[in-house]
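Dear colleague,

I am passing on to you the structure below, together with some notes on what turned up when I went through it. Please read the notes with the coordinates open beside you.

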Amino acid sequence: MSIHRYNKSMSPTKRKILLLLLAGVALGFTYSPSRQQKTYREVAKEWKRIDREKFRKNITALQRSKHVSIEQNSDGSFTYILSGKGKSKALTYQFQEMKIPKHKWDKKWRLVSFDIPEDHKRARDALRHKLRALGFRELQKSVFVFPYKCENEIEFTVEFFGIRKYV
């Protein structure tokens, strides 16, 4: 996946709709029943907070921009489908807002090291920037440390920049 720029032109309601639809995609990959229940509760709570009129206007705009497609079911209900473009946009927003929870320190340091070639310089610089933004400390140009569990966030970041084989 290429590096995306954070687009502030999309309204908060549109961003929320994309993220909520992305949560539906995440449910398909979640095998833990407790994790699924937590996701269901959070999604249900957030859907209730969306103004219905704003939703209708924004979902139409998202459909026109090819972020979402809509299918009418035989019972009259609608299914909203997040497109590849919509998933990419939602992941970009999720990436921009990512934080690592800081719990009680378990006396272990997490180390992230990488050797990203020069032809991927932008991804390398973006990774360094993101690691610093998350609170990592730089030991060397390509070695960073962090005192809290962060495996999921690093996995997501590496996938986002498409640099798995170098990290």
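Which residue follows H5, and what is the sign of its phi? In this model, which is predicted, H5 is followed by glycine 135, and the phi of that glycine is positive, near 105 degrees.

The helix itself covers residues 121–134, and its length can be checked: at 1.5 Å a residue, its 14 residues should span 20 Å, and because the C-alpha atoms at its two ends are 20 Å apart, the expectation and the model agree. As for its surroundings, the buried residues of H5 include Ala123, Arg124, Ala126 and Leu127, and to these must be added Arg128, Lys130, Leu131 and Leu134, which are likewise buried.

Two lysines deserve a look at their backbone angles. Most residues other than glycine have a negative phi. Lysine 66, however, has a positive phi, near 65 degrees, and this residue sits in the loop that lies between helix H3 (52–64) and strand E1 (68–72). Lysine 107 also has a positive phi, of about 65 degrees, although it is not a glycine, and it belongs to the loop between helix H4 (84–97) and E3. Are these two lysines buried or exposed? With the cut-off for exposed set at over 50% relative accessible area, lysine 66 counts as exposed because its value is 59%, and lysine 107 counts as exposed because its value is 66%.

Strand E3, which is made up of residues 110–113, has two faces that differ in their cover: Arg110 and Val112 form the covered face, whereas Leu111 and Ser113 form the uncovered one. E3 pairs with strand E5 (residues 143–146) in the antiparallel sense, over four bridges, and within this pairing valine 143 of E5 is the bridge partner of serine 113.

For the protein as a whole, the secondary structure comes to six helices and five strands, and their order from the N terminus on is α-α-α-β-β-α-β-α-β-β-α. Of its 167 residues, 35% count as buried, while the exposed surface amounts to about 11200 Å², of which carbon and sulfur atoms supply 52%. Finally, if one takes the contacts with a separation of 6 or more, residues 24 or more positions apart account for 67% of them.

With kind regards

Note on methods. Residues numbered from 1 in each chain as written. Predicted model: local features only at pLDDT ≥ 70, side-chain atom pairs only at ≥ 80, totals over all residues. Heavy atoms only, no water. Expected span 1.5 Å × (residues − 1). Buried < 20%, exposed > 50% of the residue type's maximum accessible area, 1.4 Å probe, protein only. Pairing = 2+ DSSP bridges. Contact = heavy atoms within 4.5 Å. Areas by Shrake-Rupley, 256 points an atom, 1.4 Å probe, with all protein chains shown as cover.
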